[in-house]
Amino acid sequence: LALVYWQLQAPPPKIPGTPGGPPVTSPRIRLKDGRHLAYHESGVPREQARYRIIFMHGVDSCRYDVLRVSPELARELGIYLLSFDRPGYGESDPHPARTEKSVALDIEQLADALELGPRFYLTGFSMGGEIMWSCLKYIPHRYGRQAGSLWSGF
């Protein structure tokens with residue numbers, strides 16, 4: 001029975017950037033606990049942005065599965081989009097002890113590391129909507145509260 005149990009266990013994750021793991025090809029930030037989050041930026045430069053939006057992808061997606069905004073519209077509206085690989089996805093390190101609160105705090109650290117300012121907007125797709133709701137619960141002081149704020153969850 002013990003042999004069957006060991007055969008059914010998933011192999012340990014291959015962490016990007018470690019020996020035997022895949023190479024790191026995108027920008028990443030180092031979190032306070034030593035893990036890394038990979039991210040992707042699009043739209044106008046963040047210093048010029050009127051709207052700084054963090055996009056959270058769903059299951060079976062990655063940082064590149066972000067809302068597509070034409071360069072012209074991004075310039076006209078001043079939209080900066082930041083998407084990231086959730087812990088354990090793509091080039092972000094796994095977090096086995098992940099909780100609803102820890103993911104929200106990871107997003108807050110990401111926003112601080114990239115100097116998005118005291119407020120930003122959230123949008124989530126599929127299971128990214130669940131993460132968005134945890135952000136609304138644990139870091140409500142950070143999301144844009146003005147009329148017409150750009151957030152949705154499906």
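This briefing looks at helix α3, its partner α4, and one arginine beside the helix's Asp106. The model is predicted, so local features need pLDDT of at least 70, side-chain atom pairs count only at pLDDT 80 or more, and totals for chains, interfaces and linings use all residues. Residues are numbered from 1 along each chain as its sequence is written, and side-chain values use heavy atoms, leaving out hydrogens and water.

**Helix α3**
- Helix α3 covers residues 100-113; helices are DSSP runs of H or I with at least four residues, strands are E runs of at least two, and both are numbered from the N terminus.
- Its 14 residues should span 20 Å at 1.5 Å a residue (1.5 Å times one less than the number of residues), and the end C-alpha atoms are 21 Å apart, which agrees.
- Buried residues (under 20% relative accessible area, with exposed over 50% and partly exposed in between, 1.4 Å probe, protein chains only) include Ser102, Asp106 and Leu110.
- Among the elements covering the buried residues are β2 (36-43) and α4 (128-138).

**Meeting α4**
- The axes of α3 and α4 come within 8 Å and cross at roughly 80°.
- That makes the two helices roughly perpendicular (65 to 115 degrees).
- Val103 and Ile107 are among the α3 residues that meet α4, where contact means heavy atoms within 4.5 Å.

**Arg35**
- Arg35 sits in the loop between β1 and β2, and is buried at a relative accessible area of 9%.
- The side chain of Arg35 makes a polar contact with that of Asp106 at 2.9 Å (N or O atoms within 3.5 Å, one able to donate a hydrogen and the other to accept it within protein; residues adjacent in sequence count only if both atoms are side-chain atoms).

Conventions
Axes fitted to C-alpha atoms, helices over the stretch in contact; angles between N-to-C directions. Parallel < 35°, antiparallel > 145°, perpendicular 65-115°, else oblique.
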